[in-house]
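Grab a pencil and work through these exercises with the structure open beside you. Each one sets a task and then walks through a solution.

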Amino acid sequence: MDLDTPHEIAGEPATGWQDPAPFLRGVAWLDAEGQPVRADPEDAMRLPWDTGERAALPIGMRIEFTARGATAVEIRYRARVPEPGEALHELAHTFALWQGDRCLGETTATPHREGRVRIQLPCSAGPFTIHPPETQAPHIDAVRAVGGMIAPTRRTARWLVHGDSITEGWWSTRPAHAWPAVVGRTLGLDTVNLGYAGGGRGELPTAEQIARLPADLLTLAFGTNCWSAIPFSAPLMRETTLAFLRLVRRGHRKTPLLLVSPLLRPEAERTPNALGATLAELRAAMESATRELIDAGDDALQLLSGQGLLEPHHLMDGLHPTDEGHARVAAAVARALGPLVPKPPRADSRGLRAVRQGD
């Protein structure tokens, strides 16, 4: 099936509602109901409950398309309706329209079990990216053009990025400002965000799941939760890093892989955790393990130290970056990954086929 032309939903013409699947980017797996999820639904029992809970949210998923004569695009979606008393920021959904590195506007809608939103387009062919909301686990059911046609963009190099809440984008003011999203725009990548708030503790089932996913580039950026959420000693951190990387390499032997060690966390840098390890010691253990594999001949593995990427004023709460902090991390990661982006980028459908097959 050609992924770069419009497709039909059964019983409706191509000029009406279209199957959203060819338009979606940042998709790793689909669950039994066709909802994009960020952990393998067939391997869910081996994951911690908090990782599984965060994996149900469509973090980093995007709608990407070009337009011909269209004045707007409509999205039909379903979402969980907030319960009475939930925080006010949960009561609205924001759909952000981007073209390149510029946000063209935002459209706000109230979450509905079955809703529809219309997003106005400028007089341009695009390409455009729509960042849908991530709260209430919205499920995109269909898309359609108003007054013209839309078509999916061509697929670009697929980048899997795994980490914790910082990778997931916490404290960025919009999904598009999280550092993986910024790197994706900068380098023209299809970013698949596998960051799990509260997780990213070197869970080995996650490494095996990453090994099974198609990817052109990989980034691992975990470790800060190994200081507090589940305390690690420095030797345990070193051995976990070695094991995680070796498992990922079982499925991606030569795929360019960048490991980003933990970012600045002032309270943890010199404070021992329950096993006596400071974050500085855990960072050093992770970096030592990575260098060991590089020295052993893994010339597709690179290390970016998280130390020094941020200053305390780049942190909103002493842990999670502000938008400026996310931008600084993104700039450093983009510099490291830029020379590794495949040329020309892959333009076939292997990634989507793997998603549909539950690979």
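**Exercise 1. Find out which elements the buried residues of α3 pack against, and which residues those are.**

Step 1. Bear in mind that you're looking at a predicted model. Go to α3, which spans 179-187, and pick out its buried residues: W179, P180, A181, V182, V183 and G184.

Step 2. Look at what surrounds them. The buried residues of α3 pack against β12, α2, β13, β14 and α8.

Step 3. Now walk off the end of the helix. You run into G188, which follows α3 and has a positive phi, near 70 degrees.

**Exercise 2. Work out the strand order of the open sheet that contains β12, and say whether its pairing is parallel or antiparallel.**

Step 1. Trace the five strands across the sheet: the order reads β13-β12-β14-β15-β16, and the pairing is parallel.

Step 2. Check the edges. β13 (190-195) and β16 each pair on one side only, which makes them the edge strands.

Step 3. Look along the sheet for its twist, which averages 15 degrees from one strand to the next.

Step 4. Zoom in on one pair. β12 (residues 158-163) and β14 (residues 217-221) are linked in the parallel sense by five bridges. For a register check, take V161: its bridge partner in β14 is T219.

Step 5. Add the helices. α8 packs on the sheet, where it touches β12, β14, β15 and β16, and its direction makes about 150 degrees with that of β15. Helix α7 (residues 279-295) lies across β15 (257-260) and β16, and runs at about 155 degrees to β16.

**Exercise 3. Decide whether the residues on the two faces of β9 are buried or exposed, and find the strands that pair with β9.**

Step 1. Start with a rule of thumb: in a regular strand, side chains alternate between the two faces of the sheet.

Step 2. Apply it to β9, residues 128-131. F128 and I130 sit on one side, T129 and H131 on the other. You need the cut-off here: buried means under 20% relative accessible area. All four residues are buried, so both faces of β9 are covered.

Step 3. Look for partners. Strand β4 (residues 62-68) runs antiparallel to β9 and is joined to it by three bridges; E64 has T129 as its bridge partner. Strand β6 (residues 93-99) also runs antiparallel to β9, again with three bridges, and here L97 is bridged to I130.

Step 4. Back up a little along the chain. P127 is in the loop between β8 (115-120) and β9, and the peptide bond from G126 to P127 is cis, with omega near 5 degrees.

**Exercise 4. Put the strands of the sheet that contains β5 in order, and count the bridges between β5 and β10.**

Step 1. The order is β8-β5-β10, an open sheet of three strands with antiparallel pairing.

Step 2. The edge strands are β8 and β10 (139-146), since each pairs on one side only.

Step 3. Direction ignored, neighbouring strands in this sheet are turned by 20 degrees against each other on average.

Step 4. Count the bridges: β5 (residues 72-78) and β10 pair over seven of them, in the antiparallel sense. As a landmark, Y77 stands opposite I140 in β10.

**Exercise 5. Find the residues that make up a nonpolar surface patch of about 340 Å², and explain why W171 and M316 qualify for it.**

Step 1. The patch is made by W170, W171 and M316.

Step 2. Place two of them. W171 lies in the loop between α2 (165-168) and α3, whereas M316 is in the loop between β16 (301-304) and α8 (323-337).

Step 3. Test the accessibility. Patch residues need over 30% relative accessible area. W171 clears that cut-off because its relative accessibility is 44%, which counts as partly exposed. M316 clears it too because its relative accessible area is 47%, also partly exposed.

Step 4. Check the backbone of W171 while you're there: phi is positive, about 75 degrees, although this residue is not a glycine.

**Exercise 6. Sum up the whole chain: how many helices and strands are there, and what percentage of residues is buried?**

Step 1. Count the elements: nine helices and 16 strands.

Step 2. Of the 359 residues, 55% are buried.

Step 3. Turn to the surface. The accessible area is about 15,400 Å², and carbon and sulfur atoms account for 54% of that.

Step 4. Finish with contacts. Among those with a separation of 6 or more, 78% are between residues 24 or more positions apart.

Definitions and conventions
Residues numbered from 1 in each chain as written. Predicted model: local features only at pLDDT ≥ 70, side-chain atom pairs only at ≥ 80, totals over all residues. Heavy atoms only, no water. Patch = residues over 30% accessible without salt bridge, like charges linked within 9 Å, V, L, I, M, F, W, Y side chains within 5 Å. Areas by Shrake-Rupley, 256 points an atom, 1.4 Å probe, with all protein chains shown as cover. Salt bridge = Lys/Arg side-chain N within 4 Å of Asp/Glu carboxyl O. Buried < 20%, exposed > 50% of the residue type's maximum accessible area, 1.4 Å probe, protein only. Pairing = 2+ DSSP bridges. Contact = heavy atoms within 4.5 Å. Axes fitted to C-alpha atoms, helices over the stretch in contact; angles between N-to-C directions.
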